Amino acid sequence: LQFRHLLFWGAFSGIFEGQFASVVVSKSFHASDLLIAIATAMPFAANIVSLAWGMLSVGRPKIRLTMQFGLGAVLCASVVGFVPVTTWGSVWFVIQIAAAQALLAGVVTVRSAIWKSNYPFESRGQITARLQQIRSFISVIVVQIAAAVCDVHPEGYRYVFPAGAALGVIGLILIRPIRIRGERSELRRLGRPSAADAPSAKLSFLSVFSPGQALREMAAVFRDDRRFLWYCVAQFLHG
C-alpha cells in the first residue's frame with residue numbers, strides 16, 4: 001500500500017518542488033526577482049514547520065492526520081488553477097504554494113512516525129530508502145513534464161496543479177486502509193499520561209505553535225538523546 005500510495009503521492013508532491021514553482025512565477029507571472037527567490041526557497045522554509053507538526057502528531061491518530069494534511073494540500077493545489085496572471089495573482093500564487101508546502105511537510109513528518117511503528121528496526125532503513133527512491137524518481141519525472149508543459153503554454157499551470165491534485169486524492173485513498181502497529185495502546189497511554197509521560201502528552205493546537213513550548217520540547221529531546229543532539233549539531237555545521 002505504501003508503494004502504490006507513493007507512486008501517486010510522489011507525482012502530486014513533485015509539482016510543489018521549489019524549482020518548478022519558481023519557473024511558474026518567472027515564466028507565467030513574470031514576477032520580480034524577489035518573488036522568484038521566495039518561491040525557490042519555500043520548500044526549505046516549510047521544513048521548519050515540521051517541528052510544530054511533530055509536536056501536534058503526539059497522541060493523535062497518524063493516518064487521520066496524514067489525511068487532514070494531505071487534503072489541505074490537495075485543496076490548495078486545486079484552486080491554484082484559478083489564480084489570474086496579474087501582479088497580485090503572482091503573490092497569491094506564492095501564498096497558496098507556501099501553504100501547500102507547509103501541509104506537505106506535515107505529511108512527511110507523520111509518515112516518518114508511521115514507518116517507525118510499522119517497519120522493524122533492523123530493516124527500516126532499507127525499506128524506507130527504497131520507498132524514498134520511488135518517490136524521488138516519480139517527482140523528478142513529473143517536474144520535467146510539468147516544466148515542459150509550461151514552456152509550451154505559459155498558463156499551463158492551470159492544468160498541471162489540478163491534475164496533480166487528482167493524483168494526490170488517489171494517493172490519499174490508497175493510504176487510508178493502512179493500520180499502525182501498537183497505535184491504539186499508545187493513544188490510550190498518552191490520553192492518560194502519568195507524571196513521567198507528561199512532556200510527551202498530547203498538546204493543544206495553539207500550544208504547538210508556541211515558541212516557548214517548542215523550545216521546551218526540543219530541550220527535553222536533546223536532554224534524553226545526546227547522540228541525536230550531536231547529530232543535529234553536525235547537520236547544523238554541515239549546512
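These legends go with close-up views of the predicted model above.

Residues are numbered from 1 along each chain as its sequence is written. In this predicted model, local features need pLDDT of at least 70, side-chain atom pairs count only at pLDDT 80 or more, and totals for chains, interfaces and linings use all residues, while side-chain values use heavy atoms, with hydrogens and water left out.

**View 1. The whole chain, with 12 helices and 0 strands.** Helices (H or I, at least four residues) and strands (E, at least two) are DSSP runs, numbered from the N terminus. Of the 239 residues, 42% count as buried, where buried means under 20% relative accessible area, exposed over 50%, and partly exposed in between (1.4 Å probe, protein chains only). Take the contacts (heavy atoms within 4.5 Å) between residues at least 6 apart in sequence: 80% of them join residues at least 24 apart. The accessible surface is about 13500 Å², and carbon and sulfur atoms hold 66% of that; the areas come from the Shrake-Rupley method with a 1.4 Å probe, and for residues only the protein chains shown count as cover.

**View 2. The largest nonpolar core, 55 residues.** Such a core is a set of buried Ala, Val, Leu, Ile, Met, Phe, Trp, Tyr and Cys residues joined through side-chain atoms within 4.5 Å. Phe12, Phe16, Phe20, Phe93 and Phe161 have the most contacts inside it. Two or more residues each come from elements including helix 1 (2-14), helix 2 (18-28) and helix 8 (157-175), and helix 6 gives the largest share, 11 residues. Skip the neighbours within four places in sequence, and Phe161 touches Ile15, Phe16, Phe20, Ala77, Val80, Phe93 and Ile97.

**View 3. Helix 7, from a buried arginine to a nonpolar surface patch.** Arg135 sits in helix 7 (residues 121-152) and counts as buried because its relative accessibility is 17%. Beyond its neighbours within four places in sequence, Arg135 is in contact with Leu6, Gly10, Ser13, Glu17 and Arg111. Ile141 is in helix 7 too, but at 36% relative accessibility Ile141 counts as partly exposed. Together with Phe137, Ile145 and Val149, Ile141 forms a nonpolar patch on the surface with about 370 Å² of accessible area. Patches are built from residues with over 30% relative accessible area and no salt bridge, joining like charges within 9 Å and nonpolar side chains (Val, Leu, Ile, Met, Phe, Trp, Tyr) within 5 Å; a salt bridge is a side-chain nitrogen of Lys or Arg within 4 Å of a carboxyl oxygen of Asp or Glu.

**View 4. His153, in the loop between helix 7 and helix 8.** This histidine counts as partly exposed, at 38% relative accessibility. His153 and Lys27 are 126 residues apart in sequence, yet 9.7 Å apart in space, C-alpha to C-alpha.

**View 5. Helix 4 and the glycine just after it.** The buried residues of helix 4 are Ala52, Trp53, Met55, Leu56 and Ser57. Gly59 then takes a positive phi of about 75 degrees.

**View 6. Cys232 in helix 12 (residues 226-238).** With 25% relative accessibility, Cys232 counts as partly exposed. From C-alpha to C-alpha, Cys232 and Phe222 are 9.3 Å apart, with their positions 10 residues apart in sequence numbering.

**View 7. Confidence, and a stretch to read with care.** Mean pLDDT (the predictor's confidence in each residue, from 0 to 100) is 81, and 89% of residues reach 70 or more. Over residues 194-199 the pLDDT is below 50, and beyond near neighbours in sequence this stretch has 3 contacts in the model.
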